[in-house]
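Trainee: Could we go through this structure together? I would like to see how each label follows from its cut-offs.

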Amino acid sequence: MGFLSFFANPIVLTLIVALVLTIVLWRVILWLFGIIIVPDDSIGTVTKKYVTVGTHRTLPDGQIVALQGEAGYQADTLSPGLHMGFWPWQYTVDLVKFTVIPQGQIGVVQACDGRPLPSGRIIARDVDCNYFQDARAFLENGGERGPQMKVIPPGTFRINPLLFTVKLADATEIPQGKVGIVQAYDGHPLPVGRVIAHGVDCDSFQDAQAFFAGGGERGPQAKLIPPGNYRVNPVLFNVKLDDVVDIPENKIGVITTKEGLPLPTGEIAGGEVPGHNMFQDADKFIANGGNKGLQEQVLLAGRYFLNPRFATVEIVDMSTVPIANVGVVIAYIGREGKDVTGDTFKHGNLVTRGEKGVWVDPLDPGKYPINPNTHKVVNVPTANVVLNWATNKTEAHKLDANLSTITVRSADGFKFNLDVSQIIHIPRNDAPKVIARFGDMSALVTQVLEPTIGNYFRNAAQGSDIIEFLKNRSARQNEARESISSALREYNVGAVDTLIGDIVPPDELMRTLTDRKLAEQERVTFETQRQAQGVRQELQQATALADTQARVVDAERKVQIAGFEASAAVKFAEGSAKSKTINAEADATVLRTVGDAEGSKIKAVGGAEAEVIRLKVASMEAGNFAVVQVAEALAKGNVKIVPDIVAGGGDGASSGGLVNVLLGSMLAQDRARRVQSSEG
């Protein structure tokens, strides 16, 4: 009961109701008391409903945002936090989220209040106002209404939406291989005669204030935006993507500019201008006196950032001079040329390089970056060139494509066709003279070679009948070579050789010649057969003679052989006699020599022996020496004085003598065997 009675108390009940209402309606309650709480991610925009006292009760004419506390939109916003004194009957406070600019985007701002834009301007000048977060500073510092040149970078900002409208726009992205072509919607007007605005340093059009401060002009801009990401105000600048210029290998870029000084009278292209980085810096090109229109200078292989509003590029092949050729240059621009040939060449002027006209020095084989619109390179073959005067026959150079078989008329009235090949040669240093005289090689063929060679053979054919012409083909060819060579030498062309090809006489003449030839061949055949019969008779006679000739030859050979044998016998006998005589004389000489030698030997030996004997006799008496000599002689002659076996009778033994003889005989035989064995 006590608890219920407590809540039944009117005072308590009132307090409870008040507490609940306070909890539920605390914002309303605070608002009623002029208290505003601004969250951390918001600002409060203030609108003053009325002012009852003071000098600044109403806004000046044309002003939208109040700076002096006038009734209306207030320039100052409420920052996050607690604010008091904003009574609901006098102020309206709206909570607005912060302005968030995401990455990859920018904020494009438009002000609804401020000074009016100057006449002719479409974008407001830049004012220091902390990226439009300080509306008061914007208005007090002379900010202008309308599109603002400054953009808001990515981030979070406290911007008063009562004064500024912020729209998101993508940042400008220039991919690789592209460039940004810029057109400005505001700035100084272009000078008369200009088609492109001069460049201004403005951080690739990200700094609009610098663009205006540097005198930026409206219209197409000379400067480009290279690849990358940029914060460019799309209200002030329009950026379009275009391809970079890539010049492939063996190609060149021919440039035509849209800005610069007018070309001098009589010139077709502008000369080379330094310092513009191959037409990538349009301002330097214009400042250094470059001419608009076709340019002599070309771009070589590579990548270039060229502004298509300033210059266009035509990609063409390099000038090629093949092997066995030289390139003669015809210059359409340059200094006025002075002829360097003197009185020796009167058919055109030859000039030095860099001058207008035909250059006296030709180009050797190779590739050259020459502008085909300002210079023409005519290739002249320096190798031998064959030209055919024959229908449906032409060489790879095609110079003889329009030449055909020559039709001539002989002295006897026959028309016949003649194929001719002419070999010519143009020396290297004479090539410019040929081009100066004729312009190109085809003109040389049509103006000189074709009439010269055609007329020569027509005249030569009329000087003889057709049969003679056919028979004397080789002589005609030699005469043509000499005559044509002499004629072409005057045109600085060398005639290497003139060759006569097929000669096609008329059909009726060919039939007559054929019949005549057949008759001649039959006559030759008959004559050949007659000669064959005579040869056959001679052969038979020779055969009979050959049959007996063997025996005659055999007899003659035998006679010759007999004579050879007799001569051989005589020679042999003479040789034997001489041989025996020589042998006999040699034997006699040998015997005499041997006899003389033996005599001398015997004499010497005898003398020596006599001396020995004299000495022996002196050593013993003569009688004793004689006995010794007799004994030695008997010993040498094996004369036996005493018998080997002596048989005699013994004392009283009747058989002793025979036994002794046998024993003695055996002993003698045994001794003889020992002697033989010892000697053997």
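Mentor: Gladly. Leu32 has a relative accessible area of 43%, and it is called partly exposed because that class lies between buried (under 20%) and exposed (over 50%), using a 1.4 Å probe and protein chains only. Before we go on: this is a predicted model, where local features need pLDDT of at least 70, side-chain atom pairs count only at pLDDT 80 or more, and totals for chains, interfaces and linings use all residues. Residues are numbered from 1 along each chain as its sequence is written, and side-chain values use heavy atoms, with hydrogens and water left out.

Trainee: What makes Leu32 part of a nonpolar surface patch?

Mentor: Patch residues need over 30% relative accessible area and no salt bridge (a side-chain nitrogen of Lys or Arg within 4 Å of a carboxyl oxygen of Asp or Glu). Nonpolar side chains (Val, Leu, Ile, Met, Phe, Trp, Tyr) are joined within 5 Å. At 43%, Leu32 passes the area cut-off. The patch is made by Leu32, Phe33, Tyr50, Trp87 and Trp89, and comes to about 540 Å², with areas from the Shrake-Rupley method.

Trainee: Which helix holds Leu32?

Mentor: Leu32 is in helix H3, residues 26–32. Helices are DSSP runs of H or I with at least four residues, strands are E runs of at least two, and both are numbered from the N terminus.

Trainee: Why is helix H7 called mostly covered?

Mentor: In H7 (residues 431–438), 7 of its 8 residues are buried. They are Ala431, Pro432, Val434, Ile435, Ala436, Arg437 and Phe438. Their cover includes strand E23 (325–331), strand E28 (375–381) and helix H8 (441–462), where contact means heavy atoms within 4.5 Å.

Trainee: How do you know that strand E18 pairs with strand E21?

Mentor: Two strands pair if DSSP finds at least two bridges between them. E18 and E21 (residues 311–317) have 7, so they qualify, and they run antiparallel. Lys251 stands opposite Asp317 in E21. E18 is also joined to strand E19 (residues 293–299) by 4 bridges, again antiparallel, with Leu294 in E19 as the bridge partner of Thr256.

Trainee: What makes E3 and E6 edge strands?

Mentor: They belong to an open sheet of 4 strands in the order E3-E4-E2-E6, with mixed pairing. Strand E3 (65–66) and strand E6 (91–97) each have a single partner strand, so one side of each is left without a neighbour in the sheet. Within that sheet, 4 bridges join E2 (residues 42–48) to E4 (residues 72–78).

Notes
Patch = residues over 30% accessible without salt bridge, like charges linked within 9 Å, V, L, I, M, F, W, Y side chains within 5 Å. Areas by Shrake-Rupley, 256 points an atom, 1.4 Å probe, with all protein chains shown as cover.
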